[in-house]
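Q: Could you show me how to read a predicted model, starting with a single residue and then moving outward?

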Amino acid sequence: MQAAPHNSAPDPDGTSEPASQGAPIDPALATLRRLEQEFARILDTSAESSAAADNPVSDGASETTAGEPIFVTRPFLPPFDEVEPLLRRIWQTRVLTNGGPYHRELEGRLRDHLGVPQVALCNNATTALIVGLRSLGLSGEVITTPYSFVATSHALLWSGLTPVFVDVDPRTLNLDPARIEDAITPRTSAILPVHCYGHPCDVEAIDAIARRHRLKVIYDAAHAFGVRRKGRSVLNYGDLSVLSFHATKVFNTFEGGAIICADPARKDQIDKLKNFGHDGETSVVDVGLNGKMSEMNAALGLVQLNYVDAAHARRQAIDAAYREGLRQVRGVRCLEDSGEDTANYAYFPILLGPDYPISRDALNEALKRDGIHPRRYFYPLISEYPMYRTLPSARREHLPVAAAAAESVLCLPIYPDLDEAIVARIIRRIANP
Ligand SMILES: Cc1ncc(COP(=O)(O)O)c(C=O)c1O
């Protein structure tokens with residue numbers, strides 16, 4: 001199966017090329033093209049101040065002589081005519097949300113596809129994290145990584161929990177298990193690690209620590225769709241795992257997310273929590289919120305799932321091309337996998353060492369001048385944002401590995417329909433900054 005091109009789709013996330021190739025095929029698509037151009041205009045005038053680092057609304061991109069801007073990612077979309085019948089069905093039935101048939105079907109298909117016991121679909125990973133944390137009945141402090149998208153810690157603050165930042169492992173950039181125990185206090189109730197870039201954490205070590213200290217573990221697995229280690233899904237570790245299906249992720253439902261758990265009773269509790277805490281028409285059993293995925297998003301997910309393997313193969317090829325092309329470039333380190341037997345190639349981070357001729361930021365700017373827009377995921381560290389930096393655990397001297405990574409990382413464009421000629425151009429530019 002071929003990964004379908006999606007050059008006729010609108011670009012709500014601003015991650016795709018604003019103008020598309022080829023002629024519109026009907027008036028609706030012509031309208032979408034006009035909207036694309038409108039988005040492109042907005043993108044051109046907005047500054048790099050788009051601080052939503054992992055939801056790249058804009059990178060201040062402008063078209064260059066080298067062609068249309070290439071963003072760090074471009075949302076994958078299936079052919080519209082495959083989605084249309086499902087949308088028509090929604091229009092006929094008027095079942096728009098509240099755990100409708102597409103919602104139920106997608107939960108089942110994802111269980112099979114991912115190899116996990118329970119899937120609770122949510123409207124995004126941030127609410128899924130908040131719901132998941134609530135379901136575990138946590139209090140006090142939660143140990144987490146500063147090297148992630150800000151939603152990881154924001155979910156803790158929304159839940160009235162205090163993040164305790166622990167440094168990352170220099171090899172994987174995931175939470176370093178060797179440093180976790182020093183951070184445990186009588187107030188610690190859980191660990192919230194992140195499978196950063198989709199590379200699994202040291203799950204055995206983390207789970208052993210959690211067992212020893214009777215802590216819960218909730219993995220932020222926003223990047224880890226489809227990742228397997230030792231023959232099983234990485235989502236099967238810990239008490240819960242949370243996936244993101246945001247537009248920028250390897251499997252997207254425009255916006256969306258899911259909580260993975262083993263226990264059907266936990267899934268039932270989560271289903272109530274994501275529906276305001278309702279347990280039947282007149283009973284409310286907890287302070288829930290509205291975290292439900294709509295039928296529209298679920299329908300889209302069902303069609304996307306048919307393309308996920310083809311998209312994965314394309315990502316794998318691009319990952320291999322970068323690795324081969326950058327192997328000999330002095331001062332450039334490509335992040336290795338961390339023991340997964342199925343990777344998902346969600347991101348392509350490189351780390352620039354002191355022997356690279358120019359700084360990370362200078363390379364970032366040079367690439368942008370060429371119309372290539374990488375991202376400095378994850379810079380700044382979460383611990384450096386105003387609502388976190390006064391925490392004792394946020395002090396830079398406690399987080400030297402994460403701080404160094406944040407200063408040297410650049411995530412290069414990777415998405416299924418990224419042209420290999422562009423990958424070659426990016427490699428050449430990095431080799432000759
Ligand atoms: C590590 C991580 N956690 C959480 C989120 C939040 O996901 P969502 O946008 O689905 O709320 C993201 C990115 O979007 C992420 O990268």
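Q: Leaving aside its neighbours within four places in sequence, which residues is L192 in contact with?
A: A contact links residues by their positions in space, and here, once the neighbours within four places in sequence are left aside, L192 is in contact with V142, T144, T152, L156, I218 and D220. The residue itself belongs to strand β5, which covers residues 188–192. As a further case, P163 and L192 are 29 residues apart in sequence, while their C-alpha atoms are 9.0 Å apart in space.

Q: Is L192 buried or exposed?
A: The idea is to count neighbours: a residue is buried if 20 or more other C-beta atoms lie within 10 Å of its own. L192 counts as buried because it has 29 C-beta neighbours inside 10 Å.

Q: Which residues come nearest to the ligand?
A: There are 16 residues around the ligand, and of these A125, T126, F149, A222 and S244 come nearest. The elements that give two or more residues to this shell are α4 (125–135) and α5 (151–158). Sorted by character, the shell around the ligand divides into five nonpolar, nine polar and two charged residues.

Q: What is the mean pLDDT of the protein, and where is the pLDDT below 50?
A: Because pLDDT is the predictor's confidence in each residue, it is read both as a mean and along the chain. The mean for the protein is 89, and 85% of its residues reach 70 or more. Over residues 31–36, however, pLDDT stays under 50, and the model has 11 contacts beyond four places in sequence for them. Residues 38–65 also have a pLDDT below 50, and this stretch has 52 contacts in the model beyond near neighbours in sequence.

Key:
Residues numbered from 1 in each chain as written. Predicted model: local features only at pLDDT ≥ 70, side-chain atom pairs only at ≥ 80, totals over all residues. Near = placed C-beta within 6 Å. Helix = DSSP H or I, 4+ residues; strand = E, 2+ residues; numbered from the N terminus. Nonpolar A, V, L, I, M, F, W, Y, C, P; charged D, E, K, R; others polar. pLDDT = per-residue confidence, 0-100. Contact = placed C-beta atoms within 7 Å. Buried ≥ 20, exposed ≤ 12 C-beta atoms within 10 Å, placed from the backbone.
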